[in-house]
Amino acid sequence: MEPILRLENVSKAFGGLKVTDGVSFSVMPAEISAIIGPNGAGKTTLFNQITGALRPDSGRIVFQGQDITGLDTQEIVALGMGRAFQITSIFPEETVLNNVRVACLSREGLTRQPLKGVGSFKSSTEKAMSVLESLGLAGQAARPAFELAHGDQKLLDIGVALALNPKMLLLDEPTAGMSPDERALTRELVVKLWREFNLTMIFIEHDMDTVFGIAQKVRVLQQGRLLAEGTPDEIRANPQVVTAYLGEEL
Amino acid sequence: MEAVDKKKAAAFWGLFALIFALVPAAGNDYYLTIANRILVWGMFAVAFNMLFGVTGMLSFGQALFSGLGGYGVGMTVKYLGKAWFLPGLGLGVIAAALVAYLLGYLIIRAGGVFFTILTLAFGQLAWQITFRWYNVTGGDDGIQGLVPPGILSNRVVYYYFCLVLVLGSIWFLRRLADSPQGLVLRCVRQNPSRVRFLGRRVRRNQRRVYLISSVFAALAGGLMAGIDSSIHTNMLNWTTSGQVILMSVLGGIHQFFGPFIGAGVIMIIEDVVGARTEYWSLIIGLVMMTMVLAFPRGLVGEFALLKARLKWRALERAERS
């Protein structure tokens, strides 16, 4: 089987600092995997390059057989790449429904419609409501997004990405800032969404229960380099990883 | 729920049209002119606010476009005769669309305050050109005697002509604000980087609304030429651009009709206070200061908030009893 995403020797430097240093790996379709690494290891920067928010200095990124290196974010998103953010990125003054609905309208190519009310596009509204139901946010559809609790805003952020029907979803620290209980719930939800939406998922995470609880594959970044790659058990047993990052935690 | 909303909206539009349609019945030329100015400036301000309040782009140069509209009428009438009033109106609007299209590519690269400064710079440039190019534009003297042809030369008929165009324009802008395109524009204001992750181009949407807003600014300028029967370089000066900003802030930039109400209030202050003292702009300054400091949501915004609070309180009371 062909990998859905392939990184070949991707490198990026800010000034003299190599934030991504010759990273190569392949992600198979329908895989759920984690990227871990200490702060500043280049995890989010890597997501930024995969989604076109940053351009790699060298190397290639291939998504579904197509070279996407250097494409604009809009183009990469249109090819089926979705992303949710570490720092929640939603449209705070819009209702929860509109946050997701604007993504549905965008996917259907209706965002240039200048005359008909947003509500008259039934299929977009239905799709948006079904996404909100999957996330357990349907009851809050009419509220302005800024009123939601922090955890719910994070879910809404994921909802905006899901509404575009992505083939691949990148989640940047989905459980950051959550209580242990919320984390457990979010973990379950992420797995549920992964199945329900037939996604290939990569998530960045610091919470080891989440990483080793749901990832089929774990990749470890350190100082911009891919230190190790393998199943959770292999990563746990990897002496390099243990000394470099995990320490006594395992 | 939706049916009720539709009825409410229809009632609102009906009342809005009726009030303005009845003004000529007063039989007073002075009131007619004020009402007509409120209509045209109101449309200008609402169109401006699609840029500012909705999309978050503060243009300090919309006078460039209202000026193009005015000079479209003025120059065609001056050189081709008064029968060309309406084609001149169209010409001004088309010229504005062209300029906005080209300028959009040039200045929308710059974000935030740089965009604002660039709009101001181009506005002042156009003002200087009309001001200095005396032989062609009439410079500081402007162009007088711009009476529309035929039946439109009747002030009441011209008023209804403006009323229909203004209502049509505001209706279009209202639809736009409620449409998917309007939603995307609001999203561009609130979180442009996320808009890219919806697969949409931020700048393309900004250029689109800049073009739309400018076209209606030009229409307003052209209609204004007929109301005043003249045009003047002041139409292009930054004070005109500033005027629509004041109107929008006064009425409330996050309310669709805020700028229209703001335009009405400023026009009335100008006329009522202006008739008594030459220091009327001082009054406008004081009003603006009070609004910005004490009621930052603007007249319509504060009113909407008050209404929501009262409703909430009534609900609470009903629950308790």
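Two residues are taken to be in contact when their C-beta atoms, placed from the backbone, lie within 7 Å. By this criterion, 75% of the contacts in chain B between residues at least 6 apart in sequence join residues at least 24 apart. The model described here is a predicted one, and the two chains are taken in turn, starting with chain B.

Chain B contains 14 helices and 2 strands. Its C-alpha trace spans about 75 × 50 × 40 Å along the principal axes. The radius of gyration of chain B is 20 Å, which agrees with the value near 20 Å that a compact globule of 321 residues would have. Of the 321 residues in chain B, 46% are buried.

One helix pair in chain B deserves a closer look. Helix H8(B), residues 180-190, packs against helix H10(B), residues 202-228, at an angle of about 115°, and their axes are 10 Å apart. The crossing of H8(B) past H10(B) is left-handed. On the H8(B) side the contact is made by Val184(B), Leu185(B) and Val188(B), while H10(B) contributes Val202(B), Asn205(B), Gln206(B) and Val209(B). Sorted by class, this contact comprises 5 nonpolar and 2 polar residues, with no charged ones.

Attention now turns to chain A, where 4 strands form an open sheet in the order E2-E1-E4-E5, with antiparallel pairing. E2 and strand E5 (66-67) of chain A stand at the edges; each has a single partner strand, so one side of each is left without a neighbour in the sheet. Helix H1(A), residues 43-50, packs on this sheet and touches E1, E2 and E4 of chain A, its direction making about 65° with that of E2(A).

The pairings within the sheet can be followed strand by strand. Strand E1(A), residues 5-14, runs antiparallel to strand E2(A), residues 17-27, and 7 bridges join the two. Within this pair, Lys12(A) stands opposite Thr20(A) of E2(A), and Phe14(A) has Leu17(A) of E2(A) as its bridge partner. The hairpin of E1(A) and E2(A) has 2 residues between the strands, and Gly15(A) there takes a positive phi near 60°. E1(A) also pairs with strand E4(A), residues 58-63, in the antiparallel sense over 5 bridges. In this second pairing, Arg6(A) stands opposite Val62(A) of E4(A). As a reading aid for such strands, side chains in a regular strand alternate between the two faces of the sheet.

Conventions. Residues are numbered from 1 along each chain as its sequence is written. Chains are lettered from A and ligands numbered from 1 in the order in which they are written. This is a predicted model: local features need pLDDT of at least 70, side-chain atom pairs count only at pLDDT 80 or more; totals for chains, interfaces and linings use all residues. The radius of gyration is taken over C-alpha atoms; the globule rule is 2.2 Å times the number of residues to the power 0.38. A residue is buried if 20 or more other C-beta atoms lie within 10 Å of its own, exposed if 12 or fewer, and partly exposed in between; C-beta atoms are placed from the backbone. Two strands pair if DSSP finds at least two bridges between them. Axes are lines fitted to C-alpha atoms, for helices over the stretch in contact, and angles run from 0 to 180 degrees between N-to-C directions. A crossing is left-handed if the near helix is turned anticlockwise from the far one by less than a right angle, and right-handed if clockwise. Ala, Val, Leu, Ile, Met, Phe, Trp, Tyr, Cys and Pro count as nonpolar, Asp, Glu, Lys and Arg as charged, and the others, Gly among them, as polar.
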